[in-house]
Amino acid sequence: MPWLLLLASTVIPLPGLGGPYPPSRFLAILGFGAACGTLPFRIAPLLGRTHIIILISWTLLLAARMFTSCVKLGYGYDLAHILNILENTCQGRFLYSDYLEGSILSYHLYLTLGLLAPLYQIGRSALLLQCVQLLLMATGAWLLASGAERRFGPFAGVGSLLLLLMHPFYQGQSLHEFDPGVIGFFGASLALYGYGASRTVICCAGIMMALLSKEHFAPGAILCGMMLSTDRRTRRRGTAMAILGFSTLIVYYGWTFLTSQGEGLLLQASIRLKNTGGSTGILHNLVAPNRIGYILHMLIPGGLLALAGWAWLVPALPELFLNVLSTFPMFRSTGHYAVLTLPFFAWAVASGIARFSAQGANTFPLKYVVSTSLAAALLSNLGPLSHSIAFYDFLQSDGYGEAEAVRTFVSGFPGGTVAVLGSHRTLTLLADREPAIELPYRDMSPILSMKDLMLFDLTKPRPPPGYFFIAGRPGMSLYRRDTTMDSGDPQ
């Protein structure tokens with residue numbers, strides 16, 4: 001029967017084959033997992049040397065892609081924004097953003113970002129931050145798998161580790177531009193390790209790290225605490241977790257509205273949940289192919305076995321619903337919109353493996369999870385079925401010479417603050433120049449027009465009055481503000 005399902009997925013012409021989420025892909029993944037689960041191959045059921053080698057090898061593969069992105073100036077606004085915030089923190093302006101002309105805390109609860117300031121002070125590098133992100137993701141995966149092994153048994157530990165490493169969203173979070181949400185991912189994984197190993201102090205430390213990394217983790221902590229409080233053995237721990245999550249939200253929202261009238265939070269809400277047709281628009285998002293594809297791409301790795309541990313999916317529901325309903329493309333794997341979902345999803349899969357293994361299924365659940373995860377990783381990164389940017393497409397593309405020429409051009413800029421219009425590729429090189437950019441949801445023209453320099457990159461120059469051309473190269477033009485006009489002196 002499994003082999004028939006696999007064969008049918010490659011032969012039957014299902015609707016949507018030409019779209020980004022072909023149904024045949026999901027059938028193929030399930031069929032491949034079920035077929036491989038019936039084969040007599042063996043997976044080492046204990047986390048040990050073999051799995052550490054796999055973890056390191058996979059992380060090095062991701063690191064090669066990440067390093068290539070940095071060298072080619074493939075990262076832009078998000079990473080540059082964090083670099084600018086850390087630069088200002090090192091200069092005494094704690095978590096201040098020049099892009100937003102205010103504290104980032106008015107927009108997001110990125111308090112743990114301050115922990116990286118001493119490291120950034122030592123080496124001011126975009127590559128350094130991306131390496132930190134990879135280490136947080138890899139260490140978090142190992143901690144979660146170790147906790148699952150202690151809580152649910154050896155099969156669950158191995159399954160959750162290999163599931164995470166091959167999950168398309170894990171790859172997306174690891175390779176995208178740095179975001180404090182990955183600190184929250186590490187914190188959530190640490191908390192689950194503490195829970196699985198019955199280490200209360202470690203669990204609490206992980207919860208606090210997650211809560212202070214991004215506001216998305218607070219609703220997750222509340223729901224997780226409520227779920228745990230239904231069990232007499234974990235009632236006190238669950239109640240404390242729910243209270244902690246609720247208190248974090250109250251304090252953060254209260255502080256934000258008192259200091260900035262909630263302007264940043266209201267702006268974030270308008271970007272993500274703006275009215276595009278009222279209830280009709282929301283219903284359209286719920287049934288849109290890309291949203292359904294997002295849910296399937298989250299659940300299909302692991303062969304839907306997470307549904308057997310459905311209770312552990314409850315804490316992820318706030319993030320899942322936000323990503324589905326948002327008009328902003330938060331359903332894509334190439335972002336940081338699954339840092340809350342991934343740890344609990346992997347934990348739910350581990351619970352499902354343990355449940356079926358205990359019912360006499362032996363190693364089939366483990367082999368099924370690993371096989372479906374492998375199929376999802378392959379079909380999401382290779383060829384016409386690619387859901388994210390394929391590894392080989394990016395590694396084979398040219399761009400080193402152009403990136404080096406851009407770096408040389410930027411290094412010759414005169415002193416002063418900079419406005420960047422057009423491409424964001426130079427932003428990571430200008431974090432210490434009080435940069436400003438155009439934003440689609442805010443009028444930035446007054447701020448842009450006050451910068452000393454104005455760079456047009458891969459866009460047609462249209463400098464405002466008072467700027468004159470000083471340098472250029474193919475696709476790039478640099479203008480300088482005429483300070484004599486500001487002082488009123490004749491030219």
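This briefing describes the overall make-up of one protein chain and then turns to its sheet, its salt bridges, two buried residues and a surface patch.

The model is a predicted one, and the protein chain in it holds 22 helices and seven strands. Of the 491 residues in the protein chain, 54% are buried. Where contacts join residues at least 6 apart in sequence, 71% of these contacts are between residues at least 24 apart. The accessible surface of the chain comes to about 21400 Å², and 66% of this surface belongs to carbon and sulfur atoms.

**The sheet**

- Five strands make up an open sheet with mixed pairing, and their order across the sheet is β4-β3-β5-β7-β6. The edges of this sheet are formed by β4 and β6, each of which pairs on one side only.
- Strand β6, which covers residues 467–473, runs antiparallel to strand β7, which covers residues 476–481, and six bridges join the two.
- Two residue pairs help to locate this pairing in the structure: Tyr467 stands opposite Arg481 in β7, while Arg473 has Met476 of β7 as its bridge partner.
- The hairpin of β6 and β7 has two residues between its strands, and Gly475 in this hairpin takes a positive phi near 85°.
- As background for reading such a sheet, strands pair through backbone hydrogen bonds, in either a parallel or an antiparallel manner.

**Salt bridges**

- A search of the whole structure finds nine salt bridges, and the pairs described below are among them.
- Arg473, the residue of β6 that has Met476 as its bridge partner, also forms a salt bridge through its side chain with Glu402, with an N to O distance of 3.2 Å. This pair links distant parts of the chain, since Arg473 belongs to strand β6 and Glu402 to helix α20 (residues 400–411), with their positions 71 residues apart in sequence. Glu402 is partly exposed, because its relative accessible area is 33%.
- A salt bridge also joins Arg425 to Asp457, and the closest N and O atoms of this pair are 2.8 Å apart. Arg425 lies in the loop between β3 (418–422) and β4 (436–437), whereas Asp457 lies in strand β5 (residues 453–457), so the pair ties together parts of the chain that are 32 residues apart in sequence. Both Arg425 and Asp457 are buried.
- Through salt bridges that share partners, Glu402, Arg425, Asp457 and Arg473 are joined into one network.
- In another part of the sequence, Asp98 and Arg93 meet through their side chains in a salt bridge with an N to O distance of 3.6 Å. Asp98 counts as buried because its relative accessible area is 6%, whereas Arg93, at 30% relative accessibility, counts as partly exposed.

**Two buried residues in helices**

- Gln173 is part of helix α8, which spans residues 168–175, and Gln173 counts as buried because its relative accessibility is 0%.
- A polar atom in the side chain of Gln173 lies 2.9 Å from the backbone oxygen of Gly335. Leaving aside residues up to four places away in sequence, Gln173 touches a set of residues that includes Gln133, Met137, Val182, Ser333, Gly335, His336 and Leu342.
- Ser373 is found in helix α18, which spans residues 364–381, and Ser373 likewise counts as buried because its relative accessibility is 0%.
- Although Ser373 and Phe32 are 341 residues apart in sequence, their C-alpha atoms are 9.8 Å apart in space. When residues up to four places away in sequence are not counted, Ser373 touches Leu162, Leu163, Met166, Pro301 and Gly302.

**A nonpolar patch on the surface**

- Leu283, Leu286, Val287 and Ile292 form a nonpolar patch on the surface, and together they have about 360 Å² of accessible area.
- Helix α14 (residues 278–287) provides the largest share of this patch, namely three residues.
- Leu286 has its place in helix α14, and this residue counts as partly exposed because its relative accessibility is 38%, a value that lies between the 20% below which a residue is buried and the 50% above which a residue is exposed.

Key: Residues are numbered from 1 along each chain as its sequence is written. This is a predicted model: local features need pLDDT of at least 70, side-chain atom pairs count only at pLDDT 80 or more; totals for chains, interfaces and linings use all residues. Side-chain values use heavy atoms; hydrogens and water are left out. Helices (H or I, at least four residues) and strands (E, at least two) are DSSP runs, numbered from the N terminus. Buried means under 20% relative accessible area, exposed over 50%, partly exposed in between (1.4 Å probe, protein chains only). Contact means heavy atoms within 4.5 Å. Accessible areas come from the Shrake-Rupley method with a 1.4 Å probe; for residues, only the protein chains shown count as cover. Two strands pair if DSSP finds at least two bridges between them. A polar contact is a pair of N or O atoms within 3.5 Å; within protein, one must be able to donate a hydrogen and the other to accept it, and residues adjacent in sequence count only if both atoms are side-chain atoms. A salt bridge is a side-chain nitrogen of Lys or Arg within 4 Å of a carboxyl oxygen of Asp or Glu. Patches are made of residues with over 30% relative accessible area and no salt bridge: like charges are joined within 9 Å, nonpolar side chains (Val, Leu, Ile, Met, Phe, Trp, Tyr) within 5 Å.
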